Amino acid sequence: MSDLELLTQSLARNVKHWRAVRGFTLDVLAARAGVSRGMLIQIEQARTNPSIGTVVKIGDALGISVTTLLDYERGAKVRIVPADQAVRLWHTDAGSYNRLLAGTEAPGPLEMWDWLLMPGESSPSEPHPLGTVELVHVTAGELTLTVDGEEHRVPTGASASFEANVPHVYGNRGAVPMEMVMAVSVPPVQ
């Protein structure tokens with residue numbers, strides 16, 4: 001079985017599981033996530049490979065991390081994620097990508113990401129639930145971080161934090177690749 005098939009089956013199993021844990025019907029989850037009922041049915045039947053945006057919306061609506069959606073197995077309190085098992089969820093032909101390095105529920109979803117943005121590329125993000133906070137640390141290049149329409153330059157070695165319940169964009173307007181590590185903390189579902 002390919003990695004994509006394993007990922008699709010894991011996502012299907014986990015969406016069903018967490019929807020049941022939360023007591024959400026398909027219609028309730030669809031409304032909370034802003035995703036069609038039909039898309040949720042296809043995801044739960046492992047018949048589609050949704051975009052990262054859709055997976056994030058479903059995770060936000062369920063109040064769980066993308067890591068939890070993609071990996072239902074819960075083991076010991078220490079979990080090591082080998083470098084070759086970090087999940088690449090977004091990429092472009094030019095070479096930009098993000099990788100989910102690790103995540104946990106603490107008490108809401110907490111995720112750590114590795115990002116590479118090639119010159120001239122950007123990645124927009126829709127607002128996350130109220131109380132979501134993102135932390136970024138730029139390790140190479142310069143990040144152009146746009147939060148709610150306002151641009152902020154974050155150079156190599158600098159860090160930034162912001163409330164992510166508004167539209168935001170990660171961009172690279174420089175001439176060299178931009179690399180950053182990002183942590184996302186989402187409040188638990190009430």
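**Surface, fold and local details of the chain**

The chain exposes about 9,900 Å², and carbon and sulfur atoms supply 54% of that area. This is a predicted model, so every value here is computed from the predicted atoms. Beneath that surface, 43% of the 190 residues count as buried. As for charges, the chain has 15 positive and 21 negative ones, and the mean positions of the two sets lie 8 Å apart.

On to the overall build. The chain holds five helices and 10 strands. Its radius of gyration is 17 Å, close to the 16 Å given by the globule rule for 190 residues, so the chain is as compact as a globular protein of that length. Taken along the principal axes, the C-alpha atoms fill a box of roughly 45 × 35 × 35 Å. Looking at contacts with a separation of 6 or more, 63% of them are between residues 24 or more positions apart.

Helix 4 is a good place to start on the details. Nine of the 11 residues in this helix, which covers residues 52–62, are buried, so the rest of the structure largely encloses it. The buried set includes Ile-52, Val-55, Val-56, Ile-58 and Leu-62, along with Gly-59 and Ala-61. Thr-54 and Asp-60 are buried in helix 4 too. What do these buried residues pack against? Their partners are helix 1 (3–22), helix 2 (26–33), helix 3 (37–44) and helix 5 (66–70), plus strand 1 (87–91) and strand 3 (109–117). Right after helix 4 comes Gly-63, with a positive phi near 75°.

Ala-33 gives a residue-level view of the packing between helix 2 and helix 4. Ala-33 sits in helix 2 and is buried, with a relative accessible area of 8%, under the 20% cut-off. Setting aside neighbours within four places in sequence, Ala-33 is in contact with Lys-57, Ile-58 and Ala-61. Two of those names, Ile-58 and Ala-61, also turn up among the buried residues of helix 4. Ala-158, by contrast, is 125 residues away from Ala-33 along the chain, and the two C-alpha atoms are separated by 33 Å.

The loop between helix 3 and helix 4 is worth a stop as well. Ala-46 is found there, and its phi is positive, about 55°, although it is not a glycine. Most residues other than glycine have a negative phi. With a relative accessible area of 31%, Ala-46 is partly exposed. Asn-49 is found in that loop too, and at 47% relative accessibility Asn-49 also counts as partly exposed. Which residues does Asn-49 contact, leaving aside its neighbours within four places in sequence? They are Leu-4 and Thr-8. Leu-11 lies 38 residues from Asn-49 in sequence, with 9.0 Å between their C-alpha atoms.

Now for the strands. Strand 6 (residues 142–147) and strand 7 (residues 150–155) run antiparallel and are joined by six bridges. One bridge pairs Thr-146 with Glu-151 in strand 7. The two strands form a hairpin with two residues between them, where Asp-148 takes a positive phi near 55°. Like Ala-46, which is not a glycine, Asp-148 is not a glycine either. Is Asp-148 buried or exposed? At 54% relative accessibility, over the 50% cut-off, Asp-148 counts as exposed.

Strand 6 has another partner to look at: strand 9, with which it pairs in the antiparallel sense over four bridges. Here Thr-144 has Gly-171 as its bridge partner in strand 9. Strand 9 (residues 168–171) is also joined to strand 4 (residues 122–125), again antiparallel and with four bridges. In that pairing, Ser-125 is matched with His-168, and Ser-123 stands opposite Tyr-170.

In a regular strand the side chains alternate between the two faces of the sheet. Strand 4 shows this pattern residue by residue: Ser-123 and Ser-125 point to one face and are buried, while Ser-122 and Pro-124 point to the other and are not buried.

Methods. Residues numbered from 1 in each chain as written. Predicted model: local features only at pLDDT ≥ 70, side-chain atom pairs only at ≥ 80, totals over all residues. Heavy atoms only, no water. Rg over C-alpha atoms; globule rule 2.2 N^0.38 Å. Buried < 20%, exposed > 50% of the residue type's maximum accessible area, 1.4 Å probe, protein only. Contact = heavy atoms within 4.5 Å. Areas by Shrake-Rupley, 256 points an atom, 1.4 Å probe, with all protein chains shown as cover. Lys, Arg positive; Asp, Glu negative; His and termini not counted. Charge placed at Lys NZ, Arg CZ, Asp CG, Glu CD. Pairing = 2+ DSSP bridges.
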